[in-house]
Amino acid sequence: MLKKINPSQTEAWARLKLHYDRIQHIKLKDLFNENRERATNFSISWDDIFIDFSKTHINRETLRLLIELARECGLNQAITKEFDGEIINETENRAVLHTALRTPPGINTYCEGKEIQDEIHAVLHQMEDFSERVRNGEWKGYTGQPIKHIVNIGIGGSDLGPVMVCRALKHYSDGGPEVHFVSNVDGSHISETLKPLPHEQTLFLIVSKTFTTQETMANASSARQWFLDNGGNENDISKHFVAISTNVEAVTKFGIAPQNMFRFWDFVGGRFSLWSAVGLSIALNTGFHNFKKLLEGAHAMDEHFRQVPFDENIPVILGMLGIWYTNFFECSTEAILPYDQYLDRLPAYLQQAVMESNGKSADRSGNIVSYKTSPVLWGEPGTNGQHSFYQLIHQGTQMIPCIFMAAANPLKDPAEHHKLLLSNFFAQSEALMNGKTEENVRTELIKKGLSEEEVERLLPFKVFKGNNPSISILYKQLNPYNLGAMLAMFEHRIFVQGIIWNIYSYDQWGVELGKELAGQILPELKTDEPITSHDASTNQLINRYKSLQKKT
């Protein structure tokens, strides 16, 4: 059982509050002027990944107090409990062991006292065998043709993780089948996805632990009907559909052979499931050898997180910096800004991972918290974002901590393209920190020959306040190992923050209410009768929908 400690009642929190009051007005530029070794002192090099957090409002005392807070909130013990397979998702009575999915053979891993490595590696071997048979053409569709297209049907973690990794590792697909993803229950998603595909060369992955997820099963049924309408028959379904599930009965009833069901476990939460059979689309697209490298990178970061002292521990430091800005600077949002087009879906993936995990208002004792928990997370790849929302970050009214990411070496880009990309990567964090003063703006405008009146008129619009915090993550190249390590880094950061905030990061009851109400409304949409069973606004919307549908 995790300790139930209100962080705002700890001695470290009180000391951090006093410390914040003393240093909150110090500018980032001044911190660099005071310490010529600051960049070196506040950065960490790990493997092929370099983390620079020197452009944040901390000094050695801040870092010491943040680590003191982590210790006082029981982070050491919590890490041990998680990796030992104890029940830490207490509202669902589950252990949390997605980390076990990437543990190499020969290392015993336990869940509630039961050894689980054999069954984990049995599924990995099943994934390897299946993915290689599909990729080398041994697995054939009902007409004898090899599989050229994979359609992954899932939602939430059964979609966001796999689609993000497949996009990130597209360079490594090496002739594998093309992968498509369907998640939205909006019929246009599956309709437009299937429209150009040859049914006899298409394989569907139905990803649902219970095989009852409403949106997923609606899309799966549509895919099944599409296959049958285009020439397949019931006996052919087993050659074109596989399941990632635990419900053998429902899978078999659908027409999928039980040997083509890949299982995963209750100790794996959906948003942390890409390391399991949920990642079958990754193995099919990039090859199992690359999926294995992804696991190896994640495991290496797991070991770093478990073993390295907190003052050199990347996930711990990143997590505590988030606490510093959320709870002391009162920042309500955070931006993830990858200067790497291959990571274009990383912000969307992290939105779920972060906000579904730590978007909680009840602490582990069931009390309503008196402090902020998860910030709103969002982002877009650079340089696209610079022509979109960076205006707000640079000259808006709120402080928005940013995490920049970039590869030192491109995978495909011409060298000049990459230099242009990285010049912007380096420039943005510098600009956010330094800004542009009135004096600098006035000098520039005078040099352009503007009159004194014109200078004074334009001055306030061209000043950048600066002093905006950022963290820069620079990696040698985007490969499966480095990607796995960075994803595990973000996962552990989420865990660190959940422990400090005294919340359960691994449940997600907040997604249930809307589903329950949708289940009540669905039968009402199947009749023409006016609805009066909801609030006035909802009744009006449903009845107007029925009216508009009749006109159509």
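Here are a few worked exercises on the strands, helices, cavities and pockets of this predicted model.

Residues are numbered from 1 along each chain as its sequence is written. Because the model is predicted, local features need pLDDT of at least 70 and side-chain atom pairs count only at pLDDT 80 or more, while totals for chains, interfaces and linings use all residues; side-chain values use heavy atoms, with hydrogens and water left out.

**Exercise 1. Work out the strand order of the open sheet of 5 strands, and say which strands stand at its edges.**

Step 1. Get the terms straight: strands (E, at least two residues) and helices (H or I, at least four) are DSSP runs numbered from the N terminus, and two strands pair if DSSP finds at least two bridges between them.

Step 2. Read off the order, which is 8-7-9-10-11, with parallel pairing.

Step 3. Look at the ends. Strand 8 and strand 11 (261–262) each have a single partner strand, so one side of each has no neighbour in the sheet.

**Exercise 2. Place strand 7 (residues 149–153) among its neighbours, and decide whether its residues are buried or exposed.**

Step 1. Start with strand 8 (residues 178–182): it runs parallel to strand 7, and 5 bridges join the two. Ile150 sits opposite Val179 of strand 8.

Step 2. Follow the chain between them. It leaves strand 7, passes through helix 7 (residues 157–168) and arrives at strand 8 in a right-handed β-α-β crossover (with the strands pointing away from the viewer, the path from the first strand over the helix to the second runs clockwise).

Step 3. Now take strand 9 (residues 202–207), which also pairs with strand 7 in the parallel sense over 5 bridges. Here Val151 has Phe204 as its bridge partner, and Ile153 has Ile206.

Step 4. Check the side chains. In a regular strand they alternate between the two faces of the sheet. For strand 7, His149, Val151 and Ile153 point one way, and Ile150 and Asn152 the other.

Step 5. Settle the burial: 5 of the 5 residues of strand 7 are buried (under 20% relative accessible area with a 1.4 Å probe, protein chains only; exposed is over 50%, partly exposed in between).

**Exercise 3. Compare the span of helix 9 (residues 214–229) with the expected one, and list its buried residues.**

Step 1. The expected span is 1.5 Å times one less than the number of residues. Helix 9 has 16 residues and reaches 22 Å from its first C-alpha to its last, close to the 22 Å expected.

Step 2. List what is buried in helix 9: Thr216, Met217, Asn219, Ala220, Ala223, Arg224, Trp226, Phe227 and Leu228.

Step 3. Keep the helical geometry in mind while you view that list: an α-helix has 3.6 residues a turn, so residues three or four places apart point the same way.

Step 4. Look just past the end. Helix 9 is followed by Gly231, which has a positive phi near 125°.

**Exercise 4. Describe the two largest cavities and what lines them.**

Step 1. Define the hunt. On a 1 Å grid over the protein atoms alone, a cavity is a set of points where a 1.4 Å probe fits but cannot get out, and a pocket is an open set with protein on both sides within 12 Å along at least five of seven lines; lining residues have an atom within 4 Å of a point. Points are joined across faces, edges and corners, and a volume is the space filled by probe spheres set on them.

Step 2. Count: there are 6 cavities of 30 Å³ or more.

Step 3. Take the largest, at about 120 Å³. Of its 16 lining residues, Glu334, Pro375, Leu377, Arg493 and Gln497 are closest to the centre. Helix 20 gives the most, with 4 residues.

Step 4. Go on to the second largest cavity, with about 80 Å³ of space. Its lining includes Glu334 and Arg493, along with Thr56 and Tyr325. Helix 14 gives the most here, 3 residues.

**Exercise 5. Find which helix gives the largest share to the lining of each of the two largest pockets.**

Step 1. The largest pocket has a volume of about 980 Å³. Thr213, Gly270, Gln508, Glu512 and Lys515 are the closest to its centre, out of 37 lining residues. Helix 9 gives the largest share, 3 residues.

Step 2. The second largest pocket has about 720 Å³. Helix 17 (415–434) gives the largest share of its lining, 5 residues.
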